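Student: I have a protein model open in front of me, and I would like to learn how to read it feature by feature. Could you take me through it slowly?

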Amino acid sequence: MKRSAKRVETPQGSLEYILGREGGCVVVTGCSGWDTELRIPAAIEGLPVTVIAKKAFLSRKQLRRVVLPETVEEIGDWAFAYCTNLESVWMPRKKCTLGSRIFMECPGIRRLFLYEGGREEKNPAKASEREEQTAALLAASAALLEAEYLMDPMEAGTGPWLQKWDARMLQMLRAEDGEGYTKMILCGEEDAGSSMEIYLNRRRKSKVRLALLRLMNPLELSGERAQELREYLAAHTRGCESEETWEVILGEHGHEQKYFELFTEIGGITEENFHAVLTDMGNEYAEMKAFLIRYREEKMECKDFFETLSLEGW
């Protein structure tokens, strides 16, 4: 017989739960309301919250940040699947049974922070550099790598884990761009207008995002692997046969200088493509256009008075 869910109030809604293990623990089964940040308590009715049930937060598109309690021992299948605006999750660094596809179709997730017991209140803004990079790489395990075997709170951030992470990254990066297209067509999974050209563009963009993310979070990244990533990105800049690196930089990070700094470091800006890059930026991204003009003047030993006016005229 199905047990009726109980409710406990949250700032803008409520958590739904049932009692499990013959009343010895709490299983969170869902939520209602408009909470964008949800802190799941360690105890309800004096009992520890140990389980996040299967599909508990499925398609809760308002959620942006979730903090799981250090008492949690199990997270069910698809618990946060299709939470398309979910950006960060805090979870305890402990042994925990993790279901399948917990963060499936969560394209916005950027950080899966891990905390030690008693540190649940830690401000993410004060995370150490290693914690920050580990959080980014762990999130990418689900969002970009599709590698559930890397979703290990105990191992994440360690040397062996980073080696496995990089092995999976290189496997994806080196795969043929057209891999999987025929299977997609035969299975009827293509959407309208999903031609081979569009498919290849999407595949290369996925690889670009992965390479950018790893270079931005270079925790124990070897020089050889970093060079391979830079070369891949440089091979798809503006003016190349395909331009996915520039498309991702402009379309997804157009106001973030750190990405433009990396873009120049890998050789993404050249004398041949400089004017085309500024033209692509149109009348937007004034600060980034100024950065690129300064870069050209200082690093490429080239200065044109009229280009200093481009912030107003382009």
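Tutor: Let us begin with the inventory: the protein holds 10 helices and 11 strands. Please keep in mind throughout that this is a predicted model.

Student: How many residues does the protein have, and what percentage of them count as buried?

Tutor: The protein has 314 residues, and 45% of them count as buried. As for the surface, the protein exposes about 16,400 Å², of which carbon and sulfur atoms supply 49%. Contacts give another view: among those with a separation of 6 or more, residues 24 or more positions apart account for 49%.

Student: Which residues touch the most other members of the largest nonpolar core?

Tutor: The general idea is that in soluble globular proteins nonpolar side chains tend to be buried together. In this model the largest nonpolar core has 78 residues, and Phe57 and Phe80 are the ones that touch the most other members. If we leave aside residues up to four places away in sequence, the contacts of Phe57 include Leu15, Val28, Ile40, Leu63 and Phe80. Apart from that largest core lies another one, of 6 residues, and among them are Val67, Trp90, Phe113 and Ala127.

Student: Now the strands, please. In which sense do strand 1 and strand 2 run, and how many bridges join them?

Tutor: A general point helps first: in a regular strand the side chains alternate between the two faces of the sheet. Here strand 1, residues 6-10, and strand 2 run antiparallel and are joined by 5 bridges. Thr10 stands opposite Gly13 in strand 2, and the hairpin that joins strand 1 to strand 2 does so through 2 residues. On its other partner, strand 2 is joined by 8 bridges to strand 3, residues 25-33, and these two also run antiparallel. In that pairing Ile18 stands opposite Val27 in strand 3, while the hairpin of strand 2 and strand 3 has 4 residues between the strands, with Arg21 taking a positive phi near 50°.

Student: Why is strand 2 described as largely enclosed by the rest of the structure?

Tutor: Strand 2, residues 13-20, is largely enclosed because 6 of its 8 residues are buried. The reasoning carries over to strand 11, residues 111-115, where 4 of the 5 residues are buried, so that strand is largely enclosed by the rest of the structure as well. Strand 11 pairs with strand 9, residues 88-92, in the parallel sense over 5 bridges, and Val89 stands opposite Leu112 in strand 11.

Student: You mentioned a positive phi. Where does Ser59 lie, and is it buried or partly exposed?

Tutor: Ser59, which is not a glycine, has a positive phi of about 65°, and it lies in the loop between strand 6 and strand 7. With a relative accessible area of 35%, Ser59 is partly exposed. Trp78 is another residue other than glycine with a positive phi, near 55°. Trp78 is found in the loop between strand 8 and strand 9, and at a relative accessible area of 27% Trp78 is partly exposed.

Student: How many aromatic pairs are there?

Tutor: A pair of aromatic rings is described by the distance of the centres and the angle of the planes. The count here comes to 6 aromatic pairs. In one of them, the rings of Phe80 and Phe103 have centres 5.6 Å apart and planes at 15°, so the pair is stacked. Phe80 lies in the loop between strand 8 and strand 9, and Phe103 in the loop between strand 10 and strand 11, so the pair ties together parts that are 23 residues apart in sequence. Phe80 counts as buried at 0% relative accessibility, and Phe103 counts as buried at 7%. Another pair is that of Trp246 and Phe263, whose ring centres lie 5.4 Å apart with planes at 20°, so this pair is stacked too. Trp246 belongs to helix 6 and Phe263 to helix 7, 17 residues apart, and the pair thereby links distant parts of the chain.

Student: Which residues form one aromatic cluster with Phe80?

Tutor: Phe57 and Phe103 form one aromatic cluster with Phe80.

Conventions: Residues are numbered from 1 along each chain as its sequence is written. This is a predicted model: local features need pLDDT of at least 70, side-chain atom pairs count only at pLDDT 80 or more; totals for chains, interfaces and linings use all residues. Side-chain values use heavy atoms; hydrogens and water are left out. A nonpolar core is a set of buried Ala, Val, Leu, Ile, Met, Phe, Trp, Tyr and Cys residues joined through side-chain atoms within 4.5 Å. Buried means under 20% relative accessible area, exposed over 50%, partly exposed in between (1.4 Å probe, protein chains only). Contact means heavy atoms within 4.5 Å. Accessible areas come from the Shrake-Rupley method with a 1.4 Å probe; for residues, only the protein chains shown count as cover. Two strands pair if DSSP finds at least two bridges between them. Rings of Phe, Tyr and Trp (its six-membered ring) pair if their centres lie within 6.5 Å; planes under 30 degrees apart count as stacked, over 60 as edge-to-face and the rest as tilted.
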